[in-house]
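Here are my notes on the model you sent over. Have the coordinates open while you read; the points are short.

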2 protein chains.
Amino acid sequence: MATAKGMKEIAWDARQAGYVLANTSYEERSAAVLKMAREIDSGRKSILRANLKDLKAASGKHLKRAFLDRLSLNDTRIEAMVESLKTISHLDDPLGNIQNVTERPNGLVIAKMRVPIGVIGIIYEARPNVTSDCAGLCIMSGNSVILKGGSDAIHTNMAIFKCIMKAVSKTRIPREAISLIIRSSRSEISRLLKLNEYIDLIIPRGGEGLIKKVTRESRIPVIKHYKGVCHVYVDSDADINMAHSIAINAKVQRPGVCNAMESLLVHRHIASRYLPVLGYEFRKLGVEIRGCKETKVLLGWAERAKESDWSREYNDLVLSVKVVADVDEAIRHINRYGTRHSDSIVTESLAHALKFLREVDSACVYLNASTRFTDGYEFGMGAEIGISTDKLHARGPMALKELTTYKYVVFGNGQIRK
Amino acid sequence: MATAKGMKEIAWDARQAGYVLANTSYEERSAAVLKMAREIDSGRKSILRANLKDLKAASGKHLKRAFLDRLSLNDTRIEAMVESLKTISHLDDPLGNIQNVTERPNGLVIAKMRVPIGVIGIIYEARPNVTSDCAGLCIMSGNSVILKGGSDAIHTNMAIFKCIMKAVSKTRIPREAISLIIRSSRSEISRLLKLNEYIDLIIPRGGEGLIKKVTRESRIPVIKHYKGVCHVYVDSDADINMAHSIAINAKVQRPGVCNAMESLLVHRHIASRYLPVLGYEFRKLGVEIRGCKETKVLLGWAERAKESDWSREYNDLVLSVKVVADVDEAIRHINRYGTRHSDSIVTESLAHALKFLREVDSACVYLNASTRFTDGYEFGMGAEIGISTDKLHARGPMALKELTTYKYVVFGNGQIRK
């Protein structure tokens, strides 16, 4: 738990451990993650006790209910952590495969080998399941991991970490491959973010403030899992019934998550037919609407949207609505106000669909489906460490393969450069 | 040339231009790059005049000869710039292809589409050919580019940029897709590095100081093209003649470049047989050797290496030499002191070869070949924008494909999340 060791020492040890871990077999990594699942399962009482301690400490701090909800564990949630680790332990090995083999005229054979990234730092807030999920995903992909969880979850994270380490101690994987940083001073994190010689990647998971701080201070490459201002655009050529059910689903099925719709764009030609019916339904479901001028004419009860509403992630039963002239205006609006997460067009026009799919600059662009599907499980990855809103290395849902990189291996028989 | 516009405006315009550029056809992009080649060809007199101006200004500044050499152009070098653009214009289109198509149980069809990164900033020192190469590679891959060249090359870069813009003005590609920043104040660059809303990637090309500054200040993702401390390890089971020619080639064929060998590791069992002969040859070729204690015993005339020598990029006819116990010590040494660029093992032992290829944590790991092959042309990419020493997104030689990313396109017929 690294209370005595300095940040630099933790990171150096993680790098050395990573070299050992990178060369363990699939069976060894899989068995280690399965053991983690078992230890968490049998350690659930002590985890719940620790969680109670955190919840008591938090209750005095006037934190938001959603925050306390994320922090709190129960049997079902521990079960989910256990199941998630079991799933991870059965995923295909992302390492070692050799691709893009080419032979050059001089006889050199060049290929790409898939390898772990090395050492990954995860900086997150008070979601205890991140501790076990990330430990499992990183070990399974051959990466050392340095976990820095929110200070409000300190006892819970320590209890989970204890189970994880008990599992790891029964394997050939070095203990130093997983560390939990429990000191919470801001300068400690700042120091961590400067250790680009030993840490290869930082993934921040949390609110806007955390992500901005990490981006500002880090000398280590960062893959951001930033907010999702997701759009559904209902085209002039949309199937109205389909558009109706997609819009409702994208907004209300789980409004607190990053792939929920925050902004609805409607083509002018169908707005007067479509919006009153949809608006009525949203109102019944308790959704507050903030509309543009034209929306306001059609839905008298709606609030008027401010400029800042177009880039707001409400994470709640609130929706901004704008009437647009055509698919081009919709694309421009999304590229300007969106967060490059997930955006959908509802249309029966092939030309409009292709234009939208090509030109919207987001990680996941949908045709005739809800934005809510942006998720590692829904994409068939079997797990996820988060959803990247960055454009380099990995976009959208990230799982095992996205935690790897490649190196070139070059086979010669004495070639020298002329 | 953006003298009046502010940094933010330049970057915003580049982003908008990028959306247009991303949707031009292969033929349009290829024709534009070919036009650049022609305009530079026919503008060579004005480019050479401008270069003379820069060289005159530089001659008063007591700059190193190597620096002045990199800055200076002549007919042959302009010819090379023209040829390079022609080659780039004929490379395969890296955009638009659709891969990894899968159908989910709910009927969603999910695929990855290859798209441009968006806006790329190149910060470089006084090599005028970077201006034309990077403009060509970025336009060909559908990316807007912001070029910030060294201030000593200002007139040359302006003359080259003028030719490039003359070419672009004859196409559908917006002028704002290419900008050259000629103001050189440090605070301007710092401001540029904060514009992560508009710029997607920064590639610094230059010395250690430049790269460290950019890494420290940038909030935009950076792919570093850092120094190359490359190793050749001569194993106990090496073919001695092959080891000899590879070591000589890796060191002396072009010592000033990043893929040249800086450090030679020799297995103890063959050191007494191998090193005296090789050392004699190196001495004849004017190579200064800085050796470990054991090397010094075998090569009395060698200097003794200091600890700092093991991580030095000499870029010159200097070589550090260390005798090691086995392939494990060689791997540990390389992972500790190397820069993850290019490292080679010379051996006839399959076990040692595989161990080395697997465990050395570098972008390019060689068996029985010179490290000098790490190069976009030698790897069959037809061009290169540089050699990444980072582990995310792209490692080793970077060309058109490495300047692209992917997005998920998801085809539904009304799917909503349950």
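1. Start with V409(A): across the chain boundary, its bridge partner in β13(B) is V365(B). Keep in mind that we're looking at a predicted model here. That pair belongs to a strand pairing between the two chains: β16(A) and β13(B), the latter covering residues 364-369 of chain B, run parallel and are joined by five bridges.

2. Now zoom out to the whole contact between the chains. On the chain A side 57 residues take part, and they touch 57 residues of chain B. Which elements of chain A give two or more residues to that side? They are the helices α9 (208-217), α10 (240-252) and α14 (350-359), plus the strands β13 (364-369) and β16 (404-415). β16(A) gives the most, with eleven residues. Sorted by class, the side of chain A that touches chain B holds 24 nonpolar, 20 polar and 13 charged residues.

3. On symmetry: a turn of 180° with a shift of 0.0 Å along the axis lays chain A on chain B, and the RMSD is 0.0 Å. That's the relation of a two-fold axis. If you want a landmark for the axis, pick H393(A): of the residues of chain A, its C-alpha comes closest, at 1.9 Å.

4. Do the copies meet through the same surface or through different ones? The same one, because 100% of the interface residues of chain A are also interface residues in chain B.

5. A quick geometry check on α10 of chain B, residues 240-252. With 13 residues at 1.5 Å each, the helix should span 18 Å, and its end C-alpha atoms are indeed 18 Å apart, so the two values agree. (The expected span uses one less than the number of residues, in case you were about to multiply by 13.) As for burial, the buried residues in α10(B) include M242(B), A243(B), I246(B) and A247(B). Further along the helix, N249(B), A250(B) and K251(B) are buried too.

6. Last, a look at L71(A), which sits in helix α4 (residues 65-71) of chain A. Why call L71(A) buried? Because 20 other C-beta atoms lie within 10 Å, and 20 or more is the cut-off for that label. Setting aside neighbours within four places in sequence, L71(A) is in contact with D54(A), L55(A), A58(A), A126(A), D152(A) and A153(A). N51(A) is 20 residues from L71(A) in sequence, and the two are 7.9 Å apart in space, C-alpha to C-alpha.

Key
Residues are numbered from 1 along each chain as its sequence is written. Chains are lettered from A and ligands numbered from 1 in the order in which they are written. This is a predicted model: local features need pLDDT of at least 70, side-chain atom pairs count only at pLDDT 80 or more; totals for chains, interfaces and linings use all residues. Helices (H or I, at least four residues) and strands (E, at least two) are DSSP runs, numbered from the N terminus. A residue is buried if 20 or more other C-beta atoms lie within 10 Å of its own, exposed if 12 or fewer, and partly exposed in between; C-beta atoms are placed from the backbone. Two residues are in contact if their C-beta atoms, placed from the backbone, lie within 7 Å. Ala, Val, Leu, Ile, Met, Phe, Trp, Tyr, Cys and Pro count as nonpolar, Asp, Glu, Lys and Arg as charged, and the others, Gly among them, as polar. Two strands pair if DSSP finds at least two bridges between them. Copies are superposed by least squares on the C-alpha atoms of residues with pLDDT of at least 70 in both.
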